[in-house]
Amino acid sequence: MSHWPSTNARRVLGALLRLGWVVKRQSGSHRTLSRAGWPDFVFAFHDGEEIGPRMLARIAKHTGLSVDDLQARDAQPGGQPDRLRRGFAGLGGRLPDALAVFGNGHA
């Protein structure tokens, strides 16, 4: 039995990017990842797809991924959504008020 949890592909890709892997090229859902000192790795999963324990163990063998790398639950590939969420957190849930300042009629 594997010690890997089932995880969605977006989280796995985010963990790989945090480890230093970069997307070298992409064709549809097939992303070729590159990292110095490692052979290229093809990550062929859609973002919302669930990856099971056996496949995670195979990915780990080829990429150096560990269970601890998957523990950063809020991190997204590239970090963009988290940065945006933190940026709006200071508004205290008053996003329509903030938009009204710009006079775009969304308030």
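## A predicted fold, strand by helix

Read along the sequence, the pattern of this protein is β-α-β-β-β-β-α-α-α. The model is predicted, so local features need pLDDT of at least 70 and side-chain atom pairs count only at pLDDT 80 or more, while totals for chains, interfaces and linings use all residues. Residues are numbered from 1 along each chain as its sequence is written, and side-chain values use heavy atoms, leaving out hydrogens and water.

Reader: How many helices and strands does the protein have?

Author: Happy to start there. Helices (H or I, at least four residues) and strands (E, at least two) are DSSP runs, numbered from the N terminus. By that rule, the protein has four helices and five strands.

Reader: Which residue stands opposite Ser27?

Author: Let's look at the pairing of the strands, which requires at least two DSSP bridges between them. Strand S2 (residues 22–27) and strand S3 (residues 30–35) run antiparallel, joined by five bridges. They form a hairpin with two residues between them, and Gly28 in the turn has a positive phi of about 65 degrees. Opposite Ser27, in S3, stands His30.

Reader: And which residue takes a positive phi in the hairpin of S3 and S4?

Author: S3 also pairs with strand S4 (residues 38–44), in the antiparallel sense and over five bridges. Arg35 has Trp38 in S4 as its bridge partner. Two residues lie between the strands of this hairpin, and the one with a positive phi, near 85 degrees, is Gly37.

Reader: Which helix gives the most to the largest nonpolar core?

Author: A nonpolar core is a set of buried Ala, Val, Leu, Ile, Met, Phe, Trp, Tyr and Cys residues joined through side-chain atoms within 4.5 Å; buried means under 20% relative accessible area with a 1.4 Å probe, protein chains only. The largest one has 18 residues, with Val12, Leu16, Phe43, Ile51, Ile59 and Leu65 making the most contacts inside it. Helix H1 (9–18), S4 and helix H2 (53–63) each supply at least two residues. With five residues, the one that gives the most is H1.

Reader: Against which elements do the buried residues of H1 pack?

Author: Buried positions in H1 are Ala9, Val12, Leu13, Gly14, Ala15 and Leu16. Contact here means heavy atoms within 4.5 Å. Leu65, leaving aside neighbours within four places in sequence, is in contact with residues including Val12, Ala15 and Leu16. As for elements, the buried residues of H1 pack against strand S1 (7–8), S3, S4, strand S5 (50–51) and H2.

How values were computed. Buried < 20%, exposed > 50% of the residue type's maximum accessible area, 1.4 Å probe, protein only.
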